[in-house]
Amino acid sequence: MKPGPQMNTLLQNLQAKVETQSHATEEQTQQMLNDFEQRLSQALNAVLRKIETDMRDLEKLSSSINNRTAHQIEAQASTIRDATAALEESRKEWRTVTWKTMLPTYLAGVFLTFWVLLMAVQLTFPERPSAVQGPGLATFGLEGTRVTRGLGGLGQVVNLPRGVTIANCPVPNLGGGEVCIETAKTR
């Protein structure tokens, strides 16, 4: 079976038809690609314009928020500076008032305490013997006599040595406070 003239014509017609359809399909595909590219370009341009306007709006909003925040921070800093200055002034005033009112009271308390302590110490020490001594106790036979002072320096207790006794005074003592004694030398 050899292809005959009809077959060749049929093949030629078929080949021409395939080529025509192929060109038509290629043109349609190219047209569809061009339309898709055009719509994609339009969509991308629209998105780009939207992004640009959104970025400008975002920049304006960010600048506005930044300015508002800066103003709020400055206002708070000013309030803090004013409060700090008022606190410092109040502290200086309090210190001045305290020193003017409390210092005299404090010093009076210190001096009073010092005076009370000085008096307490002075009362607990025994009396110092005077520089001018009268006749010694030994001349009357009273050696070994001890004088003891009471607590806080109140009163005296005389401890007499052995052989010394209390005697009646030859002259009565109406004022009190005197005691007569008798020793071996005075008998």
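Which residue's side chain meets that of K50 in a salt bridge, and at what N to O distance? The partner is D54, and the two side chains meet at 3.4 Å, N to O, where a salt bridge is taken as a side-chain nitrogen of Lys or Arg within 4 Å of a carboxyl oxygen of Asp or Glu.

**Basis of the model**

This is a predicted model, in which local features need pLDDT of at least 70 and side-chain atom pairs count only at pLDDT 80 or more, while totals for chains, interfaces and linings use all residues. Residues are numbered from 1 along each chain as its sequence is written, and side-chain values use heavy atoms, with hydrogens and water left out.

The mean pLDDT of the protein chain (the predictor's confidence in each residue, from 0 to 100) is 81, and 80% of the residues reach 70 or more. Over residues 130-134, however, the pLDDT is below 50, and beyond near neighbours in sequence this stretch has zero contacts in the model, a contact meaning heavy atoms within 4.5 Å. Where pLDDT is low, the predicted coordinates should not be read in detail.

**Overall architecture**

The secondary structure of the protein chain consists of one helix and four strands, which follow the pattern α-β-β-β-β when read along the sequence; here helices (H or I, at least four residues) and strands (E, at least two) are DSSP runs, numbered from the N terminus. Helix α1 covers residues 5-124, and strand β4 covers residues 180-182.

Of the 187 residues in the protein chain, 4% are buried, where buried means under 20% relative accessible area, exposed over 50%, and partly exposed in between (1.4 Å probe, protein chains only). The protein chain exposes about 17100 Å², with carbon and sulfur atoms supplying 62% of that area; accessible areas come from the Shrake-Rupley method with a 1.4 Å probe, and for residues only the protein chains shown count as cover. Among contacts between residues at least 6 apart in sequence, 22% join residues at least 24 apart.

**Salt bridges**

The structure holds three salt bridges, which are listed below with their closest N and O distances.

| Basic residue | Acidic residue | N to O distance |
|---|---|---|
| K50 | D54 | 3.4 Å |
| R81 | E74 | 3.1 Å |
| R91 | E88 | 2.5 Å |

K50 and D54 are separated by about one helical turn, because they stand four residues apart in helix α1, and D54 is partly exposed, since its relative accessible area is 36%. R91 and E88 are likewise separated by about one helical turn, being three residues apart in helix α1. R91 has a relative accessible area of 39% and is therefore partly exposed, while E88 counts as partly exposed at 30% relative accessibility. The side chains of E88 and R91 are also joined by a polar contact of 2.5 Å, a term that denotes a pair of N or O atoms within 3.5 Å, of which, within protein, one must be able to donate a hydrogen and the other to accept it, and for which residues adjacent in sequence count only if both atoms are side-chain atoms. In the remaining pair, R81 is partly exposed at 49% relative accessibility, and E74 is partly exposed at 44%.

**A nonpolar patch and a strand residue**

V47, I51, M55, L58, L61 and I65 make a nonpolar surface patch of about 540 Å². Patches are made of residues with over 30% relative accessible area and no salt bridge, like charges being joined within 9 Å and nonpolar side chains (Val, Leu, Ile, Met, Phe, Trp, Tyr) within 5 Å. One of the patch residues, I51, lies in helix α1 and counts as partly exposed because its relative accessibility is 44%.

E182 belongs to strand β4 and is partly exposed, with 32% relative accessibility. E182 and T165 are 17 residues apart in sequence, and their C-alpha atoms are 5.3 Å apart in space.
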